[in-house]
Amino acid sequence: MSSHRPQDQPSSSSNSGHHTPQPLPLQLSRYESQKRRDWNTFLQYLKTLNPPMAISIFDHTHVLSFLKYLDQFGKTKVHNQVCVFFGQPDPPLPCTCPLKQAWGSLDALIGRLRAAYEEHGGGSSENNPFGNGSIRIYLREVRQFQAKARGIPYRKRSKRKKKTYDVVV
Ligand SMILES: [Zn+2]
């Protein structure tokens, strides 16, 4: 009868006073880790250019070429205007149109890179190449074309008012 060991006694409960909630240290949020990955991808891309582009002197033209370069890794079928499925959201047969980056992915990517650029000491936001007007225009064109090509309208927040008085009497 020597089994009188305490079963569940904590060895030393000296620091039982404060239990700090530990929200998974070293774990970046999805957004943060994605942003970091995007930034590194962009830096890699600059290095592959001929001649390699330094991070200090790239401009919005490199951002644009980066977006186009990414299309080859895209997974979104975007029909050419000559394709019979142009404008069909759910084509019954495969076609040879290219896969591209969906507009929404590019848009989100630019947002992350824009933030990353500022975090890496890129300077004021008006000089931010990712916020350049030509990139906004490019993204808008991509959105409009993809909406037509895929037959999927991207909803606008405010619907355009239909003129009701333009009937010529
Ligand atoms: Zn097609």
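## A helical chain with two short strands

Read along the sequence, this chain runs in the order α-α-β-β-α-α. That pattern comes from 4 helices and 2 strands, where helices (H or I, at least four residues) and strands (E, at least two) are DSSP runs numbered from the N terminus. You are looking at a predicted model, in which local features need pLDDT of at least 70 and side-chain atom pairs count only at pLDDT 80 or more, while totals for chains, interfaces and linings use all residues. Residues are numbered from 1 along each chain as its sequence is written.

**The chain as a whole**

- The chain has 169 residues, and 13% of them count as buried. A residue is buried if 20 or more other C-beta atoms lie within 10 Å of its own, exposed if 12 or fewer, and partly exposed in between, with C-beta atoms placed from the backbone.
- Take the contacts between residues at least 6 apart in sequence: 61% of these join residues at least 24 apart. Two residues are in contact if their C-beta atoms, placed from the backbone, lie within 7 Å.

**Where α1 meets α3**

- Helix α1 (residues 30–48) and helix α3 (residues 103–119) have axes that come within 9 Å and cross at roughly 85°. Axes are lines fitted to C-alpha atoms, for helices over the stretch in contact, and angles run from 0 to 180 degrees between N-to-C directions.
- This crossing makes α1 roughly perpendicular to α3. Angles of 65 to 115 degrees count as roughly perpendicular, under 35 as roughly parallel, over 145 as roughly antiparallel and the rest as oblique.
- From α1, the contact uses Q34, K35, D38, W39 and F42; from α3, it uses L109, R112, L113, A115 and A116.
- By class, the contact of α1 with α3 has 6 nonpolar, 1 polar and 3 charged residues. Here Ala, Val, Leu, Ile, Met, Phe, Trp, Tyr, Cys and Pro count as nonpolar, Asp, Glu, Lys and Arg as charged, and the others, Gly among them, as polar.

**Helix α4 and its two sides**

- Helix α4 (residues 133–150) has 18 residues, which at 1.5 Å a residue should span 26 Å, and its end C-alpha atoms are indeed 26 Å apart. The expected span is 1.5 Å times one less than the number of residues.
- Which residues of α4 are buried? They are I135, V142, Q146, A149 and R150.
- These buried residues cover an arc of only 75° around the axis, so they sit on the same side of α4. The arc is that of the directions from the helix axis to the C-beta atoms.
- Helices α2 (60–70) and α3 are among what covers the buried residues of α4.
- On the other side of α4, the exposed residues are G133, R136, I137, R140 and E141.
- G133 counts as exposed because it has 8 C-beta neighbours inside 10 Å. G133 and H60 are 73 residues apart in sequence, yet 9.0 Å apart in space, C-alpha to C-alpha.
- Q144, also placed in helix α4, counts as partly exposed because it has 13 C-beta neighbours inside 10 Å.

**Backbone details and loops**

- Most residues other than glycine have a negative phi, and most peptide bonds are trans.
- Just after α4, G151 takes a positive phi of about 65°.
- The peptide bond from N50 to P51 is cis, with omega near 0°. P51 lies in the loop between α1 and α2.
- V84 lies in the loop between β1 (76–77) and β2 (99–100), and V84 counts as exposed because it has 10 C-beta neighbours inside 10 Å.
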